[in-house]
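Here is a short report on one protein chain and its bound ligand. Please keep the sequence and the coordinates open while reading.

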Amino acid sequence: MAHIVFVYSTVDGHTLEICERLRQVALREGHQASLQELTADSEFDLEPFDRIVIGASVRYGKHRPDVTRFINENVNKLQTTSSAFFSVNAVARKPEKCEANSNPYVKKFLEGITWKPSLVAIFGGKIDYPVYRFWDKTIIRFIMWMMGGPTDPNSTFDFTNWEKVDAFGHEISTFQ
Ligand SMILES: Cc1cc2nc3c(=O)[nH]c(=O)nc-3n(C[C@H](O)[C@H](O)[C@H](O)COP(=O)(O)O)c2cc1C
């Protein structure tokens, strides 16, 4: 049995939802599993954990700077522990943009850090127009319109492939 920590960086909670699903898979497979939010001032000790998973969403073309800071501060532990990274973004709803070598955000992100996670996954995000504030809603609708995505301001679109999430949870539970 391993003690796995799921560290997540989220704005609207979808990355947390994915972490919770991954955690449930890990628990079912007999592991101990904890959740830890990553924010600008969060400081916590990764030493007690023997598997580390970091998940982060993309807003306006980037993962938040706290994610890079946290990874750089903990790179030695990450590099010497079984570790995984996953990203959540709307572009990944397209099958040809949901792998580490085809998703532009993840390619750039991994090139900018020294940590080489053993596992990487990318999941389509959730577009929840009714909860966004005016400017976020307007801009994300424009971006979606440019990318051929849905723009109905009264609707919510969950692009996450939950079977892929479960499969990743299983991989996390079994890799060494
Ligand atoms: C204001 C805003 C900006 C976003 N920018 C991008 C973007 O640049 N690229 C992209 O692929 N997805 C973008 N997204 C989609 C998010 O990645 C998606 O909603 C994700 O599920 C958010 O996860 P979170 O709730 O954990 O933050 C954006 C969403 C919002 C609301």
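The text below covers the overall fold, the domains, the central strand pairings, the ligand shell and three single residues.

## Overall fold

This is a predicted model. The chain holds six helices and eight strands. Read from the N terminus, the order of elements is β-α-β-β-β-α-α-β-α-β-β-α-β-α. The radius of gyration of the chain is 16 Å, close to the 16 Å that the globule rule gives for 176 residues, so the chain is as compact as a globular protein of that length. Along the principal axes, the C-alpha atoms fill a box of roughly 45 × 30 × 30 Å. Buried residues make up 34% of the 176 in the chain. Contacts reach far along the sequence. Of those between residues at least 6 apart, 77% join residues at least 24 apart.

## Two domains

The chain splits into domain 1 (3–125 + 160–174) and domain 2 (127–158). Their C-alpha centres lie 24 Å apart. Four residues of domain 1 and five residues of domain 2 form the contact. On the domain 1 side, these residues are one nonpolar, two polar and one charged.

## Strand β3 and its partners

Strand β3 spans residues 51–59. Is β3 mostly covered or mostly open? The strand is mostly covered, with eight of its nine residues buried.

β3 pairs with β1, with β4 and with β5. The table gives the sense of each pairing, the bridges and one facing pair of residues.

| Pair | Sense | Bridges | Residues that stand opposite |
|---|---|---|---|
| β1 and β3 | parallel | six bridges | Val7 and Ile54 |
| β3 and β5 | parallel | seven bridges | Gly55 and Phe86 |
| β3 and β4 | antiparallel | two bridges | Val58 and His63 |

β1 covers residues 3–9. β5 covers residues 82–89. The short notation for β4 is 62–63.

β3 and β4 form a hairpin with two residues between the strands. Tyr60 sits in this loop between β3 and β4. What is unusual about the backbone there? Tyr60 has a positive phi of about 50° although this residue is not a glycine. Tyr60 is also exposed, because just 8 other C-beta atoms lie within 10 Å and a residue with 12 or fewer counts as exposed. Strand β3 itself, by contrast, has eight buried residues out of nine.

## The ligand shell

Which residues come nearest to the ligand? Of the 21 residues around the ligand, these are Thr10, Asp12, Thr15, Ser57 and Gly125. The shell divides into nine nonpolar, eight polar and four charged residues.

Several elements contribute. α1 (14–28), β3 (51–59), β5 (82–89), β7 (126–128) and α5 (134–146) each supply at least two residues of the shell. β3 gives the most, with three residues. Both domains take part: domain 1 and domain 2 each provide at least three residues of the shell.

## Two more residues

Ile71 lies in helix α2, which runs over residues 65–73. Is Ile71 buried or exposed? Ile71 is buried, because 23 other C-beta atoms lie within 10 Å and the cut-off is 20 or more. Beyond its neighbours within four places in sequence, Ile71 is in contact with Ile54, Leu78, Ile113 and Trp115. Ile54 is the residue of β3 that stands opposite Val7. Ile71 thus links helix α2 to strand β3 through its contact with Ile54. Met144 is 73 residues from Ile71 along the chain, and their C-alpha atoms are separated by 30 Å.

Gly30 is placed in the loop between α1 and β2 (32–37). Gly30 is exposed, with 9 other C-beta atoms within 10 Å. How far apart are the C-alpha atoms of Gly30 and Met1? The separation is 6.3 Å, although Gly30 and Met1 are 29 residues apart along the chain.

Methods: Residues numbered from 1 in each chain as written. Predicted model: local features only at pLDDT ≥ 70, side-chain atom pairs only at ≥ 80, totals over all residues. Near = placed C-beta within 6 Å. Helix = DSSP H or I, 4+ residues; strand = E, 2+ residues; numbered from the N terminus. Nonpolar A, V, L, I, M, F, W, Y, C, P; charged D, E, K, R; others polar. Domains from an automatic or database assignment. Contact = placed C-beta atoms within 7 Å. Rg over C-alpha atoms; globule rule 2.2 N^0.38 Å. Pairing = 2+ DSSP bridges.
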